[in-house]
2 protein chains.
Amino acid sequence: MTRLADTIAREFGTPAVVVDLDVVEANVTAVQALCDRLGLANRPHIKTHKSPELAKLQVETGAQGITCQKLGEAEVMVEAGLNDILISYNILGEQKLRRLGTLLERARITVAADSATTIDGLATCAALASQPLPVVVECDTGMKRAGVETPGEAVALSRRIAATAGLTFAGLLFYPPPDGWERTQRFLDTVSSGLHEAGLTLSIVSTGGSPNLAHLGALRGATEHRPGTYIFNDRMQMAAGVATLADCALTVYATVVSRASDTRGIVDAGSKTLTSDPGGLDGFGLILDYPKARIAQLSEEHGFLDLAGCDARPLVGEVVRIIPNHVCVVVNMVDRLIAVRGERIVGEIAVAARGRTV
Amino acid sequence: MTRLADTIAREFGTPAVVVDLDVVEANVTAVQALCDRLGLANRPHIKTHKSPELAKLQVETGAQGITCQKLGEAEVMVEAGLNDILISYNILGEQKLRRLGTLLERARITVAADSATTIDGLATCAALASQPLPVVVECDTGMKRAGVETPGEAVALSRRIAATAGLTFAGLLFYPPPDGWERTQRFLDTVSSGLHEAGLTLSIVSTGGSPNLAHLGALRGATEHRPGTYIFNDRMQMAAGVATLADCALTVYATVVSRASDTRGIVDAGSKTLTSDPGGLDGFGLILDYPKARIAQLSEEHGFLDLAGCDARPLVGEVVRIIPNHVCVVVNMVDRLIAVRGERIVGEIAVAARGRTV
């Protein structure tokens, strides 16, 4: 058990979600440098940290602005002084359109849309705003999530936006699957031709995803990238080959609370801390102190350790360090992160937009 | 789209976690009546609702006290005036033992232990308390979670507790697997004999789990049960055969935000609302309005709908009602529940112990 683990358990109790700011700063700087070198604007996605403090760090390091997934996240960020925000989501319903209208008067907001219904709703909200609302068309090139599936639909929606009072057509939003960059290029090229014929200009061509950092620069015509996870990294990022253990800034400290048999144990981090998101990986986290242990299963407050493969095994009361599979969902479980630099505790970071899914 | 769905979206936005208090009260009353009929104390587990208001409803309906999984939950409940709490967890580490010591002065607390390490820690904390701390021995009869695996260990720990200044041996804590009640009976009978020889008395024999409600009364010698999920119920409870749709009090209201193709759609409830906990079921929830739709996959803020099997399909902007797989983890994602009675909104319930995992 490291001295820091002991201190964290003593001062904060476990489970504790801890970030190393030295690693955070190195990650933020490295991705900013990559974007700068490729001539891409960096617009980090704050869904990973949900912290205005860390968003400001990203902007101060050179990011053009930030990306939020939900309106509620954007509200928290605007309140904290962030002023250039892309909401990469279809905003629908009068409650949200009313809130969006309020936000438009306070910051430079761009929103995404993938349907006429969304665009028509945005128009009602923009009609009351003092400035036109920039809208990007969300396009799907393989994730099968949100986004129009064909260049023809993308062009049609772009024209609809451009023809709508109060809205400005701003460009295209992509989240290419890691193996889908060539397809994305063909999609973009076809849309570009269609827009040219329509007399429309592409200001923004935005791509997303930290796992896609390895492909950055591959899309001719891209103007910006929206990486999220890179600020902390996790097992998924390591599995994607875009981070090493040294790049992982976030660690869950957990106490071994039970060792009912020789080959198994329980830690006090379950699905209400690590979450049940497997991230496509085996087990629910990597225990740094016992890398051969497997977090085989979770119940709400229990992490089930399979210790059969371990030579040394932890005792009851020992505090272990876990790199989670997916940091974005872990951060969303807690109200604060404990900030360290190396072995030194330096403060706390409020997860101010935690749970802001509305 | 129901009128209530429309109202909830308009007043609160989506995703919204909604509970019907008429159904809640019926569930609370029914399980209390079952326990009363069987002569068992009811000690509901508040991990499901994390709300002092609902805990008080349970106690006012006849529950002997409540169960908390974590110390932080117990602190919230004591602060709100609940005064008889079983913490069904090994409390370890000086930070928590200090907090437990404070709590002992404010309420009647019982704690669980499955190791000498835990017992010895509790002793240091109880030494400073004005009254002895009752401790139950956690026993495992098949869940392979926390709990000693053999009757011999259970007897040894019981003796250790009884022999420790400041602690009182209070009994045994079980969470029998649904198919493990006969095994639990044999375990209990063997421990009882051992305790009898040691001159120790079993005050509490506690069993847990809402899926186990079907087996209640099966364990001779049991004194109390700790059901959690029954207050709201969910798809897991229905799958376990202990609830029907009419017993499900909690619904997630979500908006269809994208319909990029004829056979698929996206709702605004993803893993940060429904959570990735599959609960052993297919898909991540039951859409009441489109029961043939499948919530096939989640990303953080997107629920991926497979609509291929649906005759009618929702439009963008439509609000749908989802019964989640596992309510306990869904409640933990939000700060408040919207309370309704039938089609009428009646207020909000604070999830005061949300995120209290420490």
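Strand β1 (residues 16-20) of chain A is joined by 4 bridges to strand β10 (residues 250-261) of chain A, and the two run antiparallel. This is a predicted model, in which local features need pLDDT of at least 70, side-chain atom pairs count only at pLDDT 80 or more, and totals for chains, interfaces and linings use all residues. Residues are numbered from 1 along each chain as its sequence is written, chains are lettered from A in the order in which they are written, and side-chain values use heavy atoms, leaving out hydrogens and water.

**Partners of β1(A)**
- Strands here are DSSP runs of E with at least two residues, numbered from the N terminus, and two of them pair if DSSP finds at least two bridges between them.
- On the β10(A) side, A:Y253 stands opposite A:A16.
- Strand β16 (residues 336-341) of chain A runs parallel to β1(A), with 3 bridges between them.
- A:A339 in β16(A) is the bridge partner of A:V19.

**Surroundings of β1(A)**
- Because 5 of its 5 residues are buried (under 20% relative accessible area, 1.4 Å probe, protein chains only), β1(A) is largely enclosed by the rest of the structure.
- In a regular strand, side chains alternate between the two faces of the sheet.
- A:A16, A:V18 and A:D20 are buried on one side of β1(A), and A:V17 and A:V19 are buried on the other.

**How the two chains relate**
- Chain A superposes on chain B (least squares on C-alpha atoms of residues with pLDDT of at least 70 in both) by a rotation of 180 degrees with 0.0 Å of shift along its axis, at an RMSD of 0.0 Å.
- The two copies are thus related as by a two-fold rotation axis.
- A:S276 is the residue of chain A that comes closest to that axis, with its C-alpha at 2.6 Å.

Definitions and conventions. Buried < 20%, exposed > 50% of the residue type's maximum accessible area, 1.4 Å probe, protein only.
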